[in-house]
Amino acid sequence: MTDCASLFTPNDSCAAGARAGAPADAREWMRAPGKTDAAGIHRLVADCPPLDLNSVYTYLLLSEHFAGTCVLAGSGDALEGFVSGYVLAQRPDVLFVWQVAVHERARGKGLGLRMLRHLLRRPGLAAVQYVETTVSPGNLASRGMFAGLARGLAAGMREEPFFEPGLFGQASHDDEPLLRIGPFQAAAA
Ligand SMILES: CC(C)(COP(=O)(O)OP(=O)(O)OC[C@H]1O[C@@H](n2cnc3c(N)ncnc32)[C@H](O)[C@@H]1OP(=O)(O)O)[C@@H](O)C(=O)NCCC(=O)NCCS
């Protein structure tokens, strides 16, 4: 197991946290998705390699049944970001973040981090004390984003083996180790 907590000082309230607190653009909006968003989410994820592109039906289910743990972001009429997640049935203090997609034109402005923090501030997620996700070793942008989330929450981040390449059957797929951030108080987001 790799312990990433030593990569940063837990109480360092970082610049990323501050930058991620305010919208980069006055027209930015964030909200829970609805079923009429699913086709647009599918297009956005298609534009965001290396994310696995799931079926439109999957995004319909997420938008309809898991809207409380998913967030959609945009600027004016343009869809710019999406986070899907769910609370683990057996461990209700864990929010599992499935996919984070930020359109290329909106990257590097803190949107990914703002969406994650927006989710954690929802009253329905007040009991969440851990965020778990899987991130392939080479996805530096995603690793940087989750490290920024941990810093902002003054929480540790640990990494352990989870979905190894052999579990994906015939399909060639990167390793997907688990990142676990916490414990924290969701209100800290
Ligand atoms: C990963 C992704 C969601 C990040 O979105 P983003 O809005 O650009 O990220 P943010 O601006 O919120 O970045 C937050 C932190 O991540 C890090 N980061 C972002 N992009 C990075 C990059 N290309 N390389 C290294 N670090 C990066 C930075 O440390 C940044 O904090 P900083 O203020 O200290 O610079 C976006 O790049 C994306 O959609 N990529 C394609 C799909 C994907 O890989 N999704 C994640 C799968 S788990």
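**Close-up 1. Helices H2 and H3 make a right-handed crossing.** What you see here is a predicted model. The axes of H2 and H3 come within 8 Å and cross at roughly 120 degrees, which makes H2 oblique to H3. On the H2 side, the residues making the contact are Ala 38, Ala 39, Ile 41, His 42 and Val 45, and they meet Val 56, Tyr 59, Leu 60 and Ser 63 of H3. Sort this contact by class and you get 7 nonpolar residues, 2 polar ones and no charged ones.

**Close-up 2. Helix H2 has its buried residues along one face.** H2 covers residues 38-46, and its buried residues are Ala 38, Gly 40, Ile 41, Leu 44 and Val 45. Look down the helix axis and these buried residues fall within an arc of 155 degrees, so they line one face of H2. It helps to remember that an α-helix has 3.6 residues a turn, so residues three or four places apart point the same way. And what do the buried residues of H2 pack against? Their partners are helix H3 (56-65) plus three strands: E3 (71-75), E4 (78-87) and E5 (94-102).

**Close-up 3. Ala 101 sits buried in strand E5.** Strand E5 is where you'll find Ala 101, and its relative accessible area is just 1%. Since buried means under 20%, Ala 101 counts as buried. Setting aside neighbours within four places in sequence, Ala 101 is in contact with Leu 44, Val 45, Cys 48, Leu 51, Glu 80, Gly 81, Phe 82 and Met 115. Two of those names may ring a bell: Leu 44 and Val 45 are among the buried residues of H2. Leu 72 is 29 residues from Ala 101 in sequence, and their C-alpha atoms are 9.6 Å apart in space.

**Close-up 4. Helix H4 is largely enclosed by the rest of the structure.** How many of the 10 residues of H4 are buried? The count is 9. They are Leu 111, Gly 112, Leu 113, Arg 114, Met 115, Leu 116, Arg 117, Leu 119 and Leu 120. Met 115 also turned up in the previous view, as a contact of Ala 101.

**Close-up 5. Helices H4 and H5 cross at roughly 45 degrees.** Here the axes of H4 (residues 111-120) and H5 (residues 140-152) come within 9 Å, and the crossing angle makes H4 oblique to H5. This crossing is right-handed. H4 brings Gly 112, Leu 113, Leu 116, Arg 117 and Leu 120 to the contact, while H5 brings Met 145, Phe 146, Gly 148 and Leu 149. Split by class, the contact has 6 nonpolar, 2 polar and 1 charged.

Notes: Residues are numbered from 1 along each chain as its sequence is written. This is a predicted model: local features need pLDDT of at least 70, side-chain atom pairs count only at pLDDT 80 or more; totals for chains, interfaces and linings use all residues. Side-chain values use heavy atoms; hydrogens and water are left out. Axes are lines fitted to C-alpha atoms, for helices over the stretch in contact, and angles run from 0 to 180 degrees between N-to-C directions. Helices (H or I, at least four residues) and strands (E, at least two) are DSSP runs, numbered from the N terminus. Angles under 35 degrees count as roughly parallel, over 145 as roughly antiparallel, 65 to 115 as roughly perpendicular and the rest as oblique. A crossing is left-handed if the near helix is turned anticlockwise from the far one by less than a right angle, and right-handed if clockwise. Contact means heavy atoms within 4.5 Å. Ala, Val, Leu, Ile, Met, Phe, Trp, Tyr, Cys and Pro count as nonpolar, Asp, Glu, Lys and Arg as charged, and the others, Gly among them, as polar. Buried means under 20% relative accessible area, exposed over 50%, partly exposed in between (1.4 Å probe, protein chains only). The arc is that of the directions from the helix axis to the C-beta atoms.
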